[in-house]
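Q: Please take a close look at a single part of the structure shown below. Describe it in one connected account, suitable for a reader who is new to it.

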Amino acid sequence: MIHTAGPYLLASLLVALGLYGILARRNAVLMLVGAELVLAGGGLLLVTAGAVGRDPSWSGQVLTLFVITIAAAEVVIALAVIVAAYRRRGHIDLAQDAG
Amino acid sequence: MTGLDLAFAATGLVTAAAAALAVTTRQVVHSALWLVVALLGLAGCYLVLGAELVALVQLLVYVGAVVVLIIVALMLTRAPIGPRAEHSTGPAHRVLAACVGAGTGGLVAAVLLPTATRAQVRPAGSEELARQIFSTWVWPFELLSLLLLAALVGAFAVSGLTTSDASGEGTR
């Protein structure tokens, strides 16, 4: 037996911290760390829903696997764009104007 | 409080503390390393919730691949070593960001917490899960491999775009 308030609280905390990281960071790579935390919160919610429900197709866990894979693809593209921007602009400071 | 509640509280506290440090630390490399701790804690949470396969995939894909990619990107963009204040925005902007984050997190919690109940955790069934992935979910699963291929080609295309531009600028 588990009380689902714990997972729900942790998921909302991860979303809040991730959003703070996205908004408060100037380094583009560190902004991506915040995006990962938001995705982690979403994954935790899916796993919790799968753990307390009795879905015959196991959609909670399967969709979390899909989210993890999509996050990996997203990180690959985002880092390629960031490295390309660094080569072109010489910095990845999000608060500076494009030179 | 049952044993599972205590185990989840322990892993959840580690996850939350590491996530808070990852978004607030002043050293870029430490941020990536705290992200590793947060994702390891999250894998522990998945184990407590009975999702063994998801926990292992989380370890392999996130800690093994995504964090390594982030650290390589930090190296390629010549991230400075040592504490620097310039990785975060100014105090006013940070307070605003904290308000938006707390508001959104509070909204999510306000929607979810009234539905929280005490429930039996579904026992792990990796065999049944594997059978479902390769029967019910087989087409999304195959599409996912296509997505990964597209991401690979896209990353090559993006990096090729800049190198050809840079060489063009060099000859100009």
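**From an outlying cysteine to the paired helices**

A: B:Cys99 is found in helix α4 of chain B. The model is a predicted one. B:Cys99 counts as exposed because it has 12 C-beta neighbours inside 10 Å, and a residue with 12 or fewer is placed in that class. Its C-alpha atom is separated by 41 Å from that of B:Trp139, although the two residues are 40 residues apart along the chain. The domain assignment of chain B gives domain 1 as residues 1-84 and domain 2 as residues 125-172. The C-alpha centres of these two domains of chain B lie 23 Å apart.

The part to be examined closely is the contact of chain A with chain B. This contact takes 65 residues from chain A and 80 residues from chain B. On the side of chain A that touches chain B, β1 (2-3), α1, α2 and α3 each supply at least two residues. The element that gives the most to this side is α3(A), with 22 residues. By class, the residues on this side of chain A divide into 46 nonpolar, 13 polar and 6 charged.

The helix pair α3(A) and α3(B) may be taken at the outset. Their axes come within 10 Å and cross at roughly 5°. Angles under 35 degrees count as roughly parallel, and α3(A) and α3(B) are therefore roughly parallel to each other. From α3(A), the residues that meet α3(B) include A:Gln61, A:Leu65, A:Ile68, A:Ala72, A:Leu79 and A:Tyr86. Among their counterparts in α3(B) are B:Leu53, B:Val57, B:Tyr62, B:Val66, B:Leu69 and B:Leu76. The contact of α3(A) with α3(B) divides into 19 nonpolar and 4 polar residues, with no charged ones.

A further pair across the two chains is formed by helix α2 (residues 28-52) of chain A and helix α2 (residues 28-48) of chain B, whose axes come within 11 Å and cross at roughly 5°. By that angle, α2(A) and α2(B) are therefore roughly parallel to each other. The contact is made on the side of α2(A) by A:Leu30, A:Val33, A:Glu36, A:Leu37, A:Ala40, A:Leu44 and A:Val47. From α2(B) come, among others, B:Ala32, B:Leu35, B:Leu39, B:Leu42, B:Cys45 and B:Tyr46. The contact of α2(A) with α2(B) has 14 nonpolar residues, 1 polar residue and 1 charged residue.

Within chain A, these helices also pack against one another. The axes of α2(A) and α3(A) are 8 Å apart, at an angle of about 170°. An angle over 145 degrees counts as roughly antiparallel, and α2(A) and α3(A) are therefore roughly antiparallel to each other. Residues of α2(A) that meet α3(A) include A:Val29, A:Leu32, A:Glu36, A:Leu39 and A:Gly43. In α3(A), the residues met include A:Leu63, A:Val67, A:Ile68, A:Ala71 and A:Val75. By class, this contact has 15 nonpolar, 7 polar and 1 charged residues.

One residue that belongs to both contacts of α2(A) is A:Glu36. A:Glu36 lies in helix α2 of chain A. It counts as buried because it has 24 C-beta neighbours inside 10 Å, where 20 or more suffice. Leaving aside residues up to four places away in sequence, A:Glu36 touches A:Ala71, B:Leu35 and B:Val66. The C-alpha atom of A:Glu36 is separated by 9.8 Å from that of A:Ile68, a residue 32 residues apart from it along the chain.

The same region may also be read through its buried nonpolar residues. The largest nonpolar core has 70 residues, and those with the most contacts inside it are A:Leu14, A:Val29, A:Val33, A:Leu44, B:Ala38 and B:Tyr46. The elements that give two or more residues to this core are α1 (5-24), α2 and α3 (59-89) of chain A, together with α1 (3-24), α2, α3 (52-76) and α4 (91-112) of chain B. The most is given by α2(A), with 14 residues. A:Leu44 touches A:Pro7, A:Leu10, A:Ala11 and A:Leu14 as well as B:Leu42 and B:Cys45, not counting residues up to four places away in sequence.

The account closes at the loop between α2 and α3 of chain A, where A:Trp58 lies. A:Trp58 is buried, because 23 other C-beta atoms lie within 10 Å. Most residues other than glycine have a negative phi. The phi of A:Trp58, by contrast, is near 55°, a positive value in a residue other than glycine.

Definitions and conventions
Residues are numbered from 1 along each chain as its sequence is written. Chains are lettered from A and ligands numbered from 1 in the order in which they are written. This is a predicted model: local features need pLDDT of at least 70, side-chain atom pairs count only at pLDDT 80 or more; totals for chains, interfaces and linings use all residues. Domain bounds come from an automatic or database domain assignment. Axes are lines fitted to C-alpha atoms, for helices over the stretch in contact, and angles run from 0 to 180 degrees between N-to-C directions. Helices (H or I, at least four residues) and strands (E, at least two) are DSSP runs, numbered from the N terminus. Angles under 35 degrees count as roughly parallel, over 145 as roughly antiparallel, 65 to 115 as roughly perpendicular and the rest as oblique. Two residues are in contact if their C-beta atoms, placed from the backbone, lie within 7 Å. Ala, Val, Leu, Ile, Met, Phe, Trp, Tyr, Cys and Pro count as nonpolar, Asp, Glu, Lys and Arg as charged, and the others, Gly among them, as polar. A nonpolar core is a set of buried Ala, Val, Leu, Ile, Met, Phe, Trp, Tyr and Cys residues joined through C-beta atoms within 7 Å.
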